[in-house]
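Trainee: I am new to this structure, and I would like a close look at a single part of it. Could you take me through the sheet, step by step?

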Amino acid sequence: MDWQAFWNERYNVDDYVFGTEPNDFLRSVADQIPPGPVLCLGEGEGRNAVHLASLGHPVLAVDQSANGLAKAHGLAKHRGLSIETAVADMADFQILPGHWSAIISIFLHLPPELRRSVNQRAVLGLRPGGLYVSEHYTPAQLAHGTGGPKEVALLPTLALLREDLQGLELVIGRELERSVVEGSAHTGQAAVVQVLARKGGATPSAETSWT
Ligand SMILES: C[S@@+](CC[C@H](N)C(=O)[O-])C[C@H]1O[C@@H](n2cnc3c(N)ncnc32)[C@H](O)[C@@H]1O
């Protein structure tokens with residue numbers, strides 16, 4: 001499967017496939033991101049990147065799809081904002097070490113080895129106090145059929161993400177079912193895993209649960 005061609009084709013429409021509003025979980029924690037640059041991985045059409053730019057962060061959005069990132073620039077321009085973008089496969093993309101105030105991974109579903117490698121690079125990429133924010137579908141999503149990959153290997157669990165993200169302190173880590181209404185592609189009750197994790201001396205909140 002040529003995933004780059006798949007996503008370029010998918011984004012080759014006027015509508016924003018995942019909408020123009022940010023992911024709900026990211027929106028709920030975005031005010032905890034310290035000032036400074038933010039890296040959005042697998043950012044597609046830019047809804048999350050543009051939201052973070054609206055909060056004052058310099059944002060770099062990475063995706064394999066040039067069509068998606070062209071729409072991301074269009075959305076930013078429409079809001080009177082600007083973002084930087086990089087067309088790249090996550091297998092090749094170098095995450096600048098110790099640089100980022102936050103690294104965001106929303107519904108970026110990668111094969112297990114690449115997912116682990118990207119997440120380990122993300123841990124190194126955060127500056128002290130920086131945040132990793134992610135939401136993904138879990139294997140339980142296969143029963144819902146409301147979005148996401150159909151291949152179980154592409155669907156991470158909280159336990160897998162905990163292993164990937166060793167070196168970060170967990171602030172929020174939970175698997176849950178929620179209604180996801182994000183564009184036409186993600187709509188309905190869904191099984192997701194949400195992570196907010198911090199680099200360096202933060203105290204985990206009462207929500208912490210790695211089980
Ligand atoms: C489900 S979409 C989510 C887009 C965006 N994060 C959002 O929440 O709207 C998944 C995105 O990941 C990108 N992607 C998947 N595998 C990738 C890879 N290996 N390298 C770069 N981008 C990738 C796709 O091109 C697609 O834009």
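Mentor: Happy to! Seven strands form an open sheet with mixed pairing, in the order β3-β2-β1-β4-β5-β7-β6. Helices (H or I, at least four residues) and strands (E, at least two) are DSSP runs, numbered from the N terminus, and two strands pair if DSSP finds at least two bridges between them. At the edges stand β3 (84-87) and β6 (168-182), each with a single partner strand, so one side of each is left without a neighbour in the sheet. On average, neighbouring strands of this sheet are turned by 15° against each other, direction ignored. For such angles, axes are lines fitted to C-alpha atoms, for helices over the stretch in contact, and the values run from 0 to 180 degrees between N-to-C directions.

Before we go on, a word on the model. It is a predicted one, in which local features need pLDDT of at least 70 and side-chain atom pairs count only at pLDDT 80 or more, while totals for chains, interfaces and linings use all residues. Residues are numbered from 1 along each chain as its sequence is written.

Now to the pairings. Strands of a sheet pair through backbone hydrogen bonds, either parallel or antiparallel. Here, β1 and β2 run parallel and are joined by four bridges; Leu39 has Leu60 as its bridge partner in β2. By contrast, strand β5 (residues 126-137) and strand β7 (residues 186-199) run antiparallel, with seven bridges joining them. Val133 has its bridge partner in β7, namely Leu196.

Two helices deserve a look alongside these strands. α3 lies across β1 (38-41), β2 (59-63) and β4 (100-106), and runs at about 175° to β2. Helix α4 (residues 66-78) also packs on the sheet, where it touches β2 and β3, and its direction makes about 175° with that of β3. Contact has a simple cut-off: the C-beta atoms of two residues, placed from the backbone, lie within 7 Å.

Let us zoom in on side chains. In a regular strand the side chains alternate between the two faces of the sheet. From β1, Val38 and Cys40 point one way, Leu39 and Leu41 point the other way, and all are buried. A residue is buried if 20 or more other C-beta atoms lie within 10 Å of its own, exposed if 12 or fewer, and partly exposed in between, with C-beta atoms placed from the backbone.

Ala102 makes a good example in strand β4. This residue counts as buried because it has 30 C-beta neighbours inside 10 Å. Leaving aside neighbours within four places in sequence, Ala102 is in contact with Ile33, Val38, Gly130, Leu131 and Val133. You met Val38 in β1, and Val133 as the partner of Leu196. Gly129 is 27 residues from Ala102 along the chain, and their C-alpha atoms are separated by 8.9 Å.

For another view, go to Leu176 in strand β6. With 13 C-beta neighbours inside 10 Å, Leu176 counts as partly exposed. Its C-alpha atom is separated by 31 Å from that of Ala76, 100 residues apart along the chain.

Finally, step back to the whole protein, which has six helices and seven strands. From the N terminus on, the elements run α-α-β-α-β-α-β-β-α-β-α-β-β. Of the 211 residues, 42% count as buried.
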